[in-house]
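Student: I am new to this structure and would like a close look at a single part. Could you take me through the surroundings slowly, in one connected answer?

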Amino acid sequence: MSENSKKRLFIAIDLPHEIRQKIENAKTPFSDIKDFKPVDNKNIHITLKFLNNTGLKRIGSIKNAIEKSLENIKPFKFRVKKRLGAFPNTRKASVVFVEIDDLEKNIEKIFKNLEDNLQKLNVKKEKRKFIPHATIARIKKKNNIL
């Protein structure tokens, strides 16, 4: 690869097998929706930051920003909320997700730390409100999932 090579990157929290299995079970009621494309169970995660096409030479500084963002975060537990959500909303869903809840708001703290530390590397902050979630499916043509 050349020095200017890029990779499509994102920063995520991997989910334990038992949580991914619960999420897998949540997909079943939607299988009859036209153009419903479930995310493969092994690829379900909590995305913290989508970096898009990023120069490979930046990976070291991004790794340092991630490590710095986690410095004061102790191990924590989280759970899947029973309610499903959708982007942009449930009436015109193109992305179906399960919300993730951690009572101490550690996921939000990590996200905020990441935003601050990556901004120092000229990575733009996210304008949309952060919702800890795991995408379970995409729908090609926006659809009402209610």
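Tutor: Phe 36 counts as buried, because its relative accessible area is 14%, which lies under the 20% cut-off for that label. The model is a predicted one, and in it Phe 36 belongs to strand E2, which covers residues 36-38. Although Phe 36 and Ala 65 are 29 residues apart along the chain, the distance between their C-alpha atoms is 36 Å.

From Phe 36 we can turn to the pocket that its strand helps to line. The largest pocket holds about 1000 Å³ of space, and the elements that give two or more residues to its lining are strand E1 (6-14), E2, strand E3 (45-55) and strand E6 (133-143). Among these, E3 makes the largest contribution to the lining, with 7 residues. The lining has 28 residues in total, and those that lie nearest the centre of the pocket are Thr 47, Phe 50, His 133, Thr 135 and Arg 138. Sorted by character, the lining residues comprise 14 nonpolar, 6 polar and 8 charged.

Another part to follow is the largest nonpolar core, which has 33 residues, and of these Leu 15, Ile 23, Leu 48, Phe 78, Ile 107 and Leu 118 touch the most other members. At least two residues of this core come from each of E1, helix H1 (17-26), E3, helix H2 (59-69), E5, helix H3 (106-119) and E6, and the largest share, 5 residues, is supplied by H3. In soluble globular proteins, nonpolar side chains tend to be buried together.

Leu 15 shows how such contacts look around one member of the core: leaving aside neighbours within four places in sequence, Leu 15 is in contact with Arg 20, Ile 23, Ile 44, His 45, Ile 46, Phe 78 and Ala 134. Phe 78, which appears in that list, is itself buried, because its relative accessibility is 18%.

The structure also holds 3 aromatic pairs. In one of them, Phe 76 and Phe 78 form a tilted pair, with 6.0 Å from centre to centre and 50° between the planes. Phe 76, by contrast with a buried residue, is partly exposed, because its relative accessible area is 24%.

Phe 78 leads on to Asp 101, which touches Phe 78, Arg 79 and Lys 81 when residues up to four places away in sequence are not counted. Asp 101 is found in strand E5, residues 93-101, and counts as buried because its relative accessible area is 10%.

Conventions:
Residues numbered from 1 in each chain as written. Predicted model: local features only at pLDDT ≥ 70, side-chain atom pairs only at ≥ 80, totals over all residues. Heavy atoms only, no water. Helix = DSSP H or I, 4+ residues; strand = E, 2+ residues; numbered from the N terminus. Buried < 20%, exposed > 50% of the residue type's maximum accessible area, 1.4 Å probe, protein only. 1 Å grid on protein atoms, 1.4 Å probe; cavity = no way out; pocket = protein on both sides within 12 Å on 5 of 7 lines; lining within 4 Å. Points joined across faces, edges and corners; volume = space filled by probe spheres on them. Nonpolar A, V, L, I, M, F, W, Y, C, P; charged D, E, K, R; others polar. Phe/Tyr/Trp six-rings, centres within 6.5 Å; stacked < 30°, edge-to-face > 60°. Contact = heavy atoms within 4.5 Å. Core = buried A, V, L, I, M, F, W, Y, C linked by side-chain atoms within 4.5 Å.
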